[in-house]
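Reader: Hey, got a minute? I'm new to this one and could use a quick tour.
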Amino acid sequence: MRIPDQLRTATEGLKTNLGRSFLTILGIVIGVAAIVLVLSLGGAARELILREVQGIGGETLVVRPGRQPEGPSEVAQTLFSDSLKERDIIALRRKENVPGARSVDPAIFVPGSVTYQDQVYRPTIFGWNAETLAEAFDITPAEGTFFTEEDTRARAQVTVIGDRVRDELFGSATALGETIRIRGHAFRVVGVLDARGQVGFLNTDELVLVPYTTAQEKLLAISYVHEIFIRADDPSRVEEVAEDVRRTLREMHGITDPAKDDFFVATQQDILERIGTVTLALTVFLAAIAAISLVVGGIGIMNIMLVSVTERTREIGLRKAVGATNAEIRAQFLLEALLLTVTGGALGTVIALLFAALAAVVIRQQFSLPWSFQFSTTGILLGLGTAALVGLTFGLYPATRAARKDPIEALRYE
Amino acid sequence: MALLDIRNVSRTYGEEDTVTPALRDVFFTVEEGEFLAIMGPSGSGKSTLLHILGFLDRPTSGSYLFTGKSIGDLDDEALARLRNEQVGFVFQMFHLLPRVAVLNNVVLPLVYAGVPAIERERRARESLTVVGMTHRLNHVPSQLSGGERQRVAIARAIVNAPRLILADEPTGNLDAASGQMVLETLERLHAQGHTIILVTHETTLANHAERIVRLHDGRIVSDERRERRNVHAHFSK
Ligand SMILES: Nc1ncnc2c1ncn2[C@@H]1O[C@H](COP(=O)(O)OP(=O)(O)OP(=O)(O)O)[C@@H](O)[C@H]1O
Ligand SMILES: [Mg+2]
């Protein structure tokens with residue numbers, strides 16, 4: 001039997017029960033749509049997150065105290081670890097130690113809120129070198145200036161605030177030159193940042209920046225730093241810089257065994273890879289849950305194919321009597337199941353495509369995120385592929401039952 | 001060499017305590033070009049014998065030589081090919097595919113023979129001409145009378161130019177006039193050289209055959225050759 005004839009035979013078989021066939025494939029339509037949609041949205045989300053993170057700049061490295069955190073509790077531990085000190089920063093800033101570093105800046109995270117008169121706001125308070133931050137995140141003060149190195153040396157109580165912070169505390173009044181209170185200490189506002197919104201993990205509009213020395217001594221009374229923020233001369237030197245940083249810090253901390261490091265260096269590449277892995281795992285997990293509905297759809301297909309094989313027993317007998325082999329009968333019914341599920345898969349893919357496009361529009365408008373509509377050929381192939389797989393898996397048993405029928409008994413079937 | 005040669009063939013149904021012998025130790029040969037009628041009371045094994053001759057069933061014991069070659073060691077696929085190429089079946093119940101047009105019903109054996117579509121259609125029209133059904137090509141079986149359905153079924157049986165045409169009570173569901181027409185068609189095919197084996201209850205039909213084999217309780221009880229009647233003179237007006 002020729003292949004076009006096999007296809008034609010299968011389509012004719014389906015046509016005789018079009019309404020029923022359509023109802024049967026709904027399960028497949030929904031299952032495939034769910035899988036393809038989850039993969040599409042997951043891909044778009046990952047792309048969005050990665051693009052945001054990349055906003056920080058590829059030349060960035062971050063040194064944190066403690067070990068590389070493997071879970072949330074270990075992340076918390078790094079905040080209380082005091083292994084990174086002022087002298088580490090001085091050592092890292094030496095050209096002979098880390099020749100590829102353009103800047104080395106400590107960062108202090110200050111919990112708490114700020115007040116101005118009777119206005120209270122909870123921003124993100126950082127003790128940081130404002131200029132490095134500005135360069136890395138590409139923001140400049142819209143009004144005033146950054147605090148200077150002199151301010152840092154002098155532990156001056158000056159601050160640069162984000163656009164949103166200004167709005168919350170001052171409304172339309174002038175902020176520059178006013179005094180706000182951070183954890184109760186008076187700070188003079190010397191600059192207000194450009195509205196820049198989310199950059200990477202950071203909403204720059206919610207920042208309150210103070211000299212890190214001031215943050216250490218006045219606000220937290222600590223002598224260590226939470227993080228060291230390093231920028232390489234060039235993104236291509238990041239690995240080299242990371243190695244130099246590790247060597248220098250091990251020397252400073254008297255560590256010979258890298259396994260005993262009391263700090264770790266994260267490059268942007270590390271971060272991207274971690275995020276990529278986590279979001280991919282999440283996407284695959286969700287898709288796997290969606291795949292369960294395909295199993296249900298597949299059982300529906302099997303059921304309807306078994307009914308069809310029984311109803312068409314005499315047809316099977318006749319086909320065998322005029323020369324159909326068992327393999328040809330099996331192929332006919334398997335092909336019918338396959339056509340059903342692949343049609344369902346195609347429909348489901350189209351539906352997923354429409355929903356993904358709709359979601360992209362809604363997310364862009366409602367959340368003003370640079371969300372992209374993602375529809376890769378991989379998604380389409382995966383949708384059709386899983387549908388075909390379901391057809392073959394759940395069509396095989398009914399088709400084999402059809403093929404095994406004894407021709408005479410089949411012809412006699414009432 | 002005989003076209004069909006069955007030796008010592010038995011066919012039993014069921015197992016152990018419910019064993020039903022349908023055929024017992026049957027010896028039987030048919031030459032190419034014969035027109036043979038098989039008669040016998042209900043349950044005597046006529047259909048069983050016909051199914052074995054047409055490769056739809058296998059004997060429980062004994063051997064079956066088709067054109068001198070034993071089919072005992074052929075697998076199911078080889079039997080399917082033999083059915084496809086060498087045999088045309090005509091059933092009492094017609095067994096046309098419902099909801100499928102006459103022309104597409106007739107081409108079915110050629111589909112399984114792998115004949116290209118255009119050639120298939122040409123041959124199907126030819127067979128439909130033989131049975132006088134060219135005016136109903138696009139009708140579906142439910143739109144045809146019983147006699148017309150059986151003629152379509154005969155067209156399907158001859159479309160692959162089989163050596164052997166096996167008809168199991170082809171007129172059983174037809175009135176006398178339709179039955180005559182079907183019989184006339186079979187006789188014409190016989191005149192063209194086809195080997196025809198006809199199972200029937202009716203003596204009047206069997207009388208058109210050259211040879212009548214009678215079965216009783218699974219055994220051949222008589223096998224008589226008869227003077228061939230000139231049916232064409234009889235039927236044509
Ligand atoms: N599948 C089967 N299982 C059990 N017994 C069967 C089966 N098919 C046929 N038989 C038995 O075999 C015997 C012969 O049956 P067969 O159909 O060949 O008779 P027949 O001569 O064609 O009868 P009829 O004229 O009624 O069609 C009968 O006794 C029948 O009951
Ligand atoms: Mg019978």
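Reader: What lies 2.7 Å from an oxygen atom of ligand 1?

Author: A polar side-chain atom of B:Ser47 does; a polar contact here is a pair of N or O atoms within 3.5 Å. Just so you know, this is a predicted model, where local features need pLDDT of at least 70, side-chain atom pairs count only at pLDDT 80 or more, and totals for chains, interfaces and linings use all residues. Residues are numbered from 1 along each chain as its sequence is written, chains are lettered from A and ligands numbered from 1 in the order written, and side-chain values use heavy atoms, leaving out hydrogens and water.

Reader: OK, and how much of ligand 1 does the protein bury?

Author: The protein buries 68% of the 630 Å² that ligand 1 exposes when taken alone (Shrake-Rupley areas, 1.4 Å probe).

Reader: Where does ligand 1 lie?

Author: Between chains A and B. Its surroundings come to 13 residues, each with a heavy atom within 4 Å.

Reader: Which helix gives the most to that shell?

Author: Helix 1 of chain B, residues 46–53, with three residues; helices are DSSP runs of H or I, at least four residues.

Reader: Switching topic: which residues of helix 4 of chain A are buried?

Author: A:Asp88, A:Ile89, A:Ala91 and A:Leu92, buried being under 20% relative accessible area with a 1.4 Å probe, protein chains only. Seen down the helix axis, they fall within an arc of 160°, so they line one face; the arc uses directions from the axis to the C-beta atoms.

Key. Buried < 20%, exposed > 50% of the residue type's maximum accessible area, 1.4 Å probe, protein only. Helix = DSSP H or I, 4+ residues; strand = E, 2+ residues; numbered from the N terminus. Polar contact = N/O pair within 3.5 Å; in protein donor to acceptor, adjacent residues only side chain to side chain.
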